[in-house]
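These are my notes from going through one structure entry by entry. I wrote down what I looked up and what I found.

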Amino acid sequence: MQNFNPTQLRHPIPQLLIAAMIIAMSISHYAMADTEINPSEAAKTMHAKYSAIEQQLEQNQFNRPLVLESVEADHRLKGDIYAVVDYPLTTVATGLKSPDHWCDIMHLHLNTKYCHATKTAANTSDNKSSAALKVYIGKKTPEELSDASRVDFNYTEVATTPEYMQIMLNADQGPLGTNDYRIILEAVSLSKVKTFLHLTYSYSTGLSGRIAMQTYLATVGHGKVGFTINGKTPDGQPDYIGGVRGLMERNTMRYYLAIDSYLGATNAAPDAQLEKRLLNWFTATEKYPKQLHELDQNDYMEMKRAEYTRQQNVK
């Protein structure tokens with residue numbers, strides 16, 4: 001691991017967001033990269049989780065069927081979102097089983113500057129589809145790729161059945177002392193028109209990563225909050241969690257909304273899908289301005305259009 005020196009970074013504060021932002025997808029109890037799963041048993045576990053949190057899905061602060069959880073322990077951070085989407089599992093699987101589609105999803109996030117997917121040889125022993133995603137992360141404003149940070153993800157289609165699917169992304173190393181990224185999205189059918197999603201991210205931080213995070217939280221990130229409510233402030237307002245868990249929760253939500261926004265645009269004409277995705281995502285994030293507002297709509301849309309064009313032209 002390289003020694004951390006903030007003076008060597010052109011954009012130290014935006015880059016440290018990578019640890020929480022890049023992986024707003026999922027890690028579940030099946031998350032080890034070499035673990036084989038039984039799709040039938042995995043589906044049963046998901047249905048059991050749905051039954052356990054059904055009341056929370058119906059009544060919560062988000063005004064949508066969603067539950068968000070986060071954990072910080074032993075220099076490892078983990079976040080989970082459980083949500084019900086109004087699409088059949090076939091629609092979810094078609095939209096999310098493609099690595100190219102994941103690049104389109106990740107592109108919606110403010111800090112994703114570029115994503116390119118490359119197919120790799122399938123594992124002949126289990127015939128699982130795999131690919132590599134080259135992702136550049138940077139500022140929340142326009143930026144040259146040379147100034148952004150690159151993270152390489154392995155993409156694997158772990159399981160697909162009529163009832164259950166699981167996609168995994170993982171990366172050994174990230175910037176600023178972050179490592180051991182494990183990313184999984186799993187989904188199970190609830191009915192002909194509804195799907196239950198579990199989206200999680202997990203990663204570890206080294207000493208340099210912890211120093212960088214502390215610097216961010218003491219400066220640009222000071223006062224920013226997540227979604228978990230610890231109680232009430234003296235004036236009776238919700239007391240939202242802050243710190244690294246707050247940061248993780250904000251970016252977990254951003255990526256969940258990116259997935260939902262992508263699925264919501266799949267029925268549009270091909271040449272209209274980009275605009276619909278961008279507008280869907282921005283509108284959804286603005287429903288939670290205390291946590292998620294960063295840019296005005298025009299600034300966001302113009303930046304993302306330009307980045308999408310670059311994403312199509314630069315391989």
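**Entry 1: a buried charge**

I worked throughout with a predicted model. I looked up Glu143 and found that it is buried but takes part in no salt bridge. Its nearest side chain of opposite charge is that of Lys139, 5.2 Å away. A salt bridge requires the charged atoms to lie within 4 Å, so the pair does not qualify at 5.2 Å. I then asked what the side chain of Glu143 reaches instead, and found the backbone nitrogen of Lys139 at 2.7 Å. For its place in the chain, I noted that Glu143 sits in the loop between β4 (130-137) and β5 (149-160).

**Entry 2: the disulfide**

I searched the whole structure for disulfides and obtained one. It joins Cys103 and Cys115, whose sulfur atoms are 2.0 Å apart. I located Cys103 in helix α5 (residues 99-107) and Cys115 in strand β3 (residues 112-119); the two cysteines are twelve residues apart. The angle about the S-S bond is -60°, and I recorded the link of Cys103 and Cys115 as left-handed. Are these cysteines buried or exposed? I found both Cys103 and Cys115 to be buried.

**Entry 3: two helices**

In helix α4 (residues 89-96) I listed Leu89, Val92, Ala93, Gly95 and Leu96 as buried. Viewed down the axis of α4, these residues fall within an arc of 165°, so they line one face of the helix. On the other side of α4, I found Thr90 and Thr94 exposed.

I next checked the length of helix α7 (residues 243-265). Its 23 residues, at 1.5 Å a residue, should span 33 Å, and I found its end C-alpha atoms 33 Å apart, in agreement. I also noted that 20 of the 23 residues of α7 are buried, so this helix is largely enclosed by the rest of the structure.

**Entry 4: positive phi values**

Most residues other than glycine have a negative phi. I therefore recorded the following two residues, each with a positive phi although neither is glycine.

- Asn63 has a phi near 55°. I placed Asn63 in the loop between α3 (39-58) and β1 (66-73), and its relative accessible area of 75% makes it exposed.
- Asp74 has a phi near 50°. I placed Asp74 in the loop between β1 and β2 (76-85), and I counted it as exposed at 76% relative accessibility.

Notes:
Residues are numbered from 1 along each chain as its sequence is written. This is a predicted model: local features need pLDDT of at least 70, side-chain atom pairs count only at pLDDT 80 or more; totals for chains, interfaces and linings use all residues. Side-chain values use heavy atoms; hydrogens and water are left out. Helices (H or I, at least four residues) and strands (E, at least two) are DSSP runs, numbered from the N terminus. Buried means under 20% relative accessible area, exposed over 50%, partly exposed in between (1.4 Å probe, protein chains only). Lys and Arg count as positive and Asp and Glu as negative; His and the chain ends are not counted. A polar contact is a pair of N or O atoms within 3.5 Å; within protein, one must be able to donate a hydrogen and the other to accept it, and residues adjacent in sequence count only if both atoms are side-chain atoms. The arc is that of the directions from the helix axis to the C-beta atoms. A disulfide is a pair of cysteine sulfur atoms within 2.5 Å. The expected span of a helix is 1.5 Å times one less than its number of residues.
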